[in-house]
Amino acid sequence: MEYDILDILEQLGYNGPLLNEEVLVKASEGGLSSPEYIDLCVWLTSRLKRLCCLEENLSADPGDIDGLQFEISGLLKELSCPYTTLVSGDVQQRLKNKDDCLKLILFLSSELQAAQVMQTKSVQESTSVEQNTASPDLRLICRVLGLSESECLDPAQLFSTIETKISNILERIPKEHIGKPVLKSSIGGEQWAELEKINTVLSAEYECRRRMLIKRLDVTVQSFSWSERAKDQIDSMAKVYQPKRHSLKIKTSVSLEHLLAAREDICNVVKTSSGSSREKTTCAINKILMGRVPDRGGRPSEIEAPPPEMPPWQKRQEGGGRGGGWGGRGAGCVPPRTAGDLKVSLE
């Protein structure tokens, strides 16, 4: 297995320290505790992600072994890994021996090699297609409008055919059915370029926010597995969670086409608490009522001012502070210390 891995890594262009057989074996024995082993997994995964558009990725810190195991489990399930020892059983008990660690490297490198072959084949097929072939977006338009494929292969007549088809459809629908567009003025090439730049910046911002929210979701779900009861249910939890997790897209799908298609009703903001929105977001947990909880306070209007640190200064009263006797003794007077002194003082 080691020789097969070394051959594939060399063909993939890997030039790291694990091209040496002894170093590869030693790193595989260390598994996720070996920084070199983790670096190789990240190197393979990052290239697979670009070629296969994967949702999963290895982003945990090298010292976070539990996080790496969780991410590798999701990655292998997304890639439909055939090795049973790598995708079944307790997640925290996987990749504990050299053979399983070598199987992981062999599987990832083989998948990357196959993805590169498929990409090369796709590029060769796309370059051999004649210029008469319509783009995927135009072919999709033809499919939606019910036009035959033969009508979509001639670019010279394509747009006139689409325009005629749309005009016929608009004549059969009510006048106010579509609504008025938000964009009412024509835009030149420079303005479209500026809009594209703005959309690129906004898309990057939304992608960053989505990554943060999805990462927060992963961390929250991962924290559920820390309890003793959940350790025996990790596979069941992953089976339920992973399909829903894979459906969450990181990149936004909003483009300039949505600007052209936007109608005036887009300005009508619907609250998330409205009835139409709650029909799609309501779930069984919303019907659970919490019992009485301790009052946590925190109301500024009910907070009392703190007591003064020192008593307020007062003006000396007339005749006070002087005179004989124990209570009003002057300077140098000493209070009685014993019962006999007290008797003498009273006399």
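Here are two short exercises on the structure above, each with a worked solution.

The model is predicted, so local features need pLDDT of at least 70, side-chain atom pairs count only at pLDDT 80 or more, and totals for chains, interfaces and linings use all residues. Residues are numbered from 1 along each chain, and side-chain values use heavy atoms, without hydrogens and water.

**Exercise 1.** Classify the ring pair of Tyr-14 and Trp-43, then place both residues in the chain.

*Solution.* Start with the rule: rings of Phe, Tyr and Trp (its six-membered ring) pair if their centres lie within 6.5 Å, with planes under 30 degrees apart stacked, over 60 edge-to-face and the rest tilted. The count by this rule is two aromatic pairs. For Tyr-14 and Trp-43, the centres are 5.2 Å apart and the planes stand at 65 degrees, so this pair is edge-to-face. Next, locate the partners: Tyr-14 sits in the loop between helix H1 (2–12) and helix H2 (21–30), while Trp-43 belongs to helix H3 (residues 35–52), 29 residues apart. Helices here are DSSP runs (H or I, at least four residues).

**Exercise 2.** Are Tyr-14 and Trp-43 buried or exposed?

*Solution.* Take the cut-offs: buried means under 20% relative accessible area, exposed over 50%, and partly exposed in between (1.4 Å probe, protein chains only). Tyr-14 has 8% relative accessibility, so Tyr-14 counts as buried. Trp-43, with a relative accessible area of 17%, is buried too. For context, 24% of the 347 residues of the protein count as buried.

Methods: Helices (H or I, at least four residues) and strands (E, at least two) are DSSP runs, numbered from the N terminus.
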